[in-house]
Amino acid sequence: MTIRICKVVITALSCVYLLVVLLNNATDPNSNYQFVRHVLSMDTTFPGNSAMYRAVRAPLVHKAFYAAIIAWEALSCLLIGAGALRLWRARGAPGPEWRKAKGLASVGLTAGLVQWYFGFMTVGGEWFLMWQSRTWNGQEPAFRMFALMGLSLVFLNQNDE
């Protein structure tokens with residue numbers, strides 16, 4: 001039972017983290033919008049790099065990317081939160097029922113992994129060369145979140161019988 005409760009807590013922490021991210025986006029949207037705008041515009045990458053053809057300078061596209069990021073965070077948060085609640089309710093259940101309860105949280109954590117790995121590290125970091133920017137480089141926080149959610153997913157799905 002102790003390991004199951006630990007798994008519920010670790011899963012719930014990912015939900016809480018995403019709730020704070022969503023709160024930040026709601027209360028200070030301009031800061032994070034500026035991040036998206038600069039990354040997509042590639043205006044702080046190395047001067048003269050040959051990948052500038054990738055830059056997107058259309059504010060409407062910036063806003064669409066930003067809205068998609070927030071929507072994906074909200075979806076991940078809802079899935080993880082609902083999954084943590086389902087885990088809590090199944091904490092004393094027999095093994096097969098407990099294992100089944102892991103599904104929703106696993107999907108939510110995987111959705112978070114997709115956002116941080118694909119959205120931030122692959123698209124932002126490599127396609128838009130975010131790694132070249134001293135000011136608008138979010139690769140370290142993205143990797144941190146990918147690692148935390150990935151470890152949470154692995155821990156959740158380890159055998160605990």
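**Aromatic close-ups**

**View 1. Four rings gather in one aromatic cluster.** Phe-35, Trp-116, Phe-120 and Trp-136 make up this group. Keep in mind that the model is a predicted one. Searching the whole structure turns up 8 aromatic pairs, and two of those pairs get their own views next.

**View 2. Tyr-33 meets Tyr-66 edge-to-face.** The ring centres sit 6.1 Å apart, with 65° between the planes. Tyr-33 belongs to helix H2 (residues 29-41) and Tyr-66 to helix H3 (residues 59-89), so this pair ties together parts of the chain 33 residues apart in sequence. Both partners are tucked away: Tyr-33 is buried at 13% relative accessible area, and Tyr-66 is buried too, at 10%.

**View 3. Phe-65 and Phe-128 also pair up edge-to-face.** Here the planes stand at 85° and the centres are 6.4 Å apart. Phe-65 comes from helix H3, while Phe-128 sits in the loop between helix H4 (95-127) and helix H5 (139-157), so the contact links parts that are 63 residues apart in sequence. Is each ring buried or partly exposed? Phe-65 is partly exposed, with 34% relative accessibility, whereas Phe-128 is buried at 5%.

**View 4. Arg-91 places its charged end over the ring of Trp-88.** The distance to the ring centre is 3.7 Å.

**View 5. Lys-7 lies over the face of Phe-155.** In this view, Lys-7 is 5.5 Å from the centre of the Phe-155 ring.

Key:
Residues are numbered from 1 along each chain as its sequence is written. This is a predicted model: local features need pLDDT of at least 70, side-chain atom pairs count only at pLDDT 80 or more; totals for chains, interfaces and linings use all residues. Side-chain values use heavy atoms; hydrogens and water are left out. Rings of Phe, Tyr and Trp (its six-membered ring) pair if their centres lie within 6.5 Å; planes under 30 degrees apart count as stacked, over 60 as edge-to-face and the rest as tilted. Helices (H or I, at least four residues) and strands (E, at least two) are DSSP runs, numbered from the N terminus. Buried means under 20% relative accessible area, exposed over 50%, partly exposed in between (1.4 Å probe, protein chains only). A charge sits over a ring if NZ of Lys or CZ of Arg is within 6 Å of the ring centre and within 35 degrees of the ring normal.
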